[in-house]
Amino acid sequence: MIKLFSLKQQKKDEESAGGNRTGAGGKKASAAQLRIQKDINELNLPKTCEINFPDDDDLLNFRLIICPDEGFYKGGKFVFSFKEPNPEDPLNKEAAEVLQSNRRLFEQNVQRSLRGGYVGATYFERCLK
């Protein structure tokens with residue numbers, strides 16, 4: 001399974017490297033990358049589930065593999081692929097509408113969610129300082 005570093009360790013590594021850039025090629029981490037890193041670090045999958053990252057540096061594209069060990073689907077294998085968010089094909093239709101109609105509000109919502117707080121009726125735990 002992939003080695004995942006905590007945000008704290010990643011930040012420490014970045015500071016010792018002399019900058020606040022991350023990933024291959026020295027790209028700055030996006031809000032989505034920071035959020036998914038935090039969520040993955042806190043992830044506790046059951047033994048019947050596995051998460052696979054084709055590219056260790058791209059946490060926004062991954063596969064979830066579920067192999068039930070009981071019930072009707074016991075012995076089956078279900079594979080779900082997830083790609084980087086796309087406003088043309090969104091999982092979160094409301095966020096995609098805001099992104100397309102008011103980019104500034106969308107950016108504010110992203111910052112609010114990363115710093116901890118409510119976006120609409122949904123509360124997000126803090127993952128940035």
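1. In this predicted model, the buried residues of helix α3 are Ala96, Val98 and Leu99. Around the helix axis these residues span an arc of only 160°, which places them on the same side of α3. As background, an α-helix has 3.6 residues a turn, so residues three or four places apart point the same way. The opposite face of α3, turned away from the buried side, carries the exposed residues Lys93, Glu94, Glu97, Gln100 and Ser101.

2. Against which element does the buried side of α3 pack? The buried residues of α3 pack against α4. Helix α3 covers residues 93-101 and helix α4 residues 103-115; the two pack at an angle of about 130°, and their axes are 5 Å apart. Helices α3 and α4 are therefore oblique to each other, since the angle falls neither over 145 degrees nor within the range of 65 to 115.

3. The contact between these two helices can be listed by residue. On the α3 side stand Ala95, Val98, Leu99 and Ser101, and on the α4 side Arg103, Leu105, Phe106 and Asn109. By class, the residues of this contact divide into 5 nonpolar, 2 polar and 1 charged. Val98 and Leu99 are listed in this contact and also belong to the buried residues of α3. Ser101, by contrast, takes part in the contact but is listed among the exposed residues of α3.

4. Asn109 merits a separate remark. Asn109 is located in helix α4 and has a relative accessible area of 16%, so Asn109 counts as buried. When neighbours within four places in sequence are set aside, the contacts of Asn109 are with Val98 and Val119. Val98 is itself one of the buried residues of α3.

5. A second buried residue for inspection is Arg35, in helix α2. Its relative accessibility of 15% is under the 20% limit, and Arg35 therefore counts as buried. Not counting residues up to four places away in sequence, Arg35 touches Ser113, Leu114, Phe124, Glu125 and Cys127. Between Arg35 and Val110 the separation is 75 residues in sequence and 9.6 Å in space, C-alpha to C-alpha.

6. Thr48 is found in the loop between α2 (31-41) and β1 (49-52). Is Thr48 buried or exposed? With a relative accessible area of 19%, Thr48 is buried; the limit is 20%, so this assignment rests on a value just inside the cut-off. Beyond its neighbours within four places in sequence, Thr48 is in contact with Ile65, Ile66, Cys67 and Asp69.

7. How many disulfides are there? The count is 0 when a pair of cysteine sulfur atoms must lie within 2.5 Å. Cys49 is in no disulfide, the nearest cysteine sulfur being that of Cys67, 8.3 Å away. Cys67 is likewise in no disulfide, and its nearest cysteine sulfur is that of Cys49. Cys67 has a relative accessibility of 34% and so counts as partly exposed; Cys67 is also one of the residues in contact with Thr48.

8. Finally, the chain as a whole. The chain contains 4 helices and 5 strands, and from the N terminus on the order of elements is α-α-β-β-β-α-α-β-β. Of the 129 residues in the chain, 23% are buried. Among contacts between residues at least 6 apart in sequence, 27% join residues at least 24 apart.

Notes: Residues numbered from 1 in each chain as written. Predicted model: local features only at pLDDT ≥ 70, side-chain atom pairs only at ≥ 80, totals over all residues. Heavy atoms only, no water. Buried < 20%, exposed > 50% of the residue type's maximum accessible area, 1.4 Å probe, protein only. Axes fitted to C-alpha atoms, helices over the stretch in contact; angles between N-to-C directions. Parallel < 35°, antiparallel > 145°, perpendicular 65-115°, else oblique. Contact = heavy atoms within 4.5 Å. Nonpolar A, V, L, I, M, F, W, Y, C, P; charged D, E, K, R; others polar. Arc of directions from axis to C-beta.
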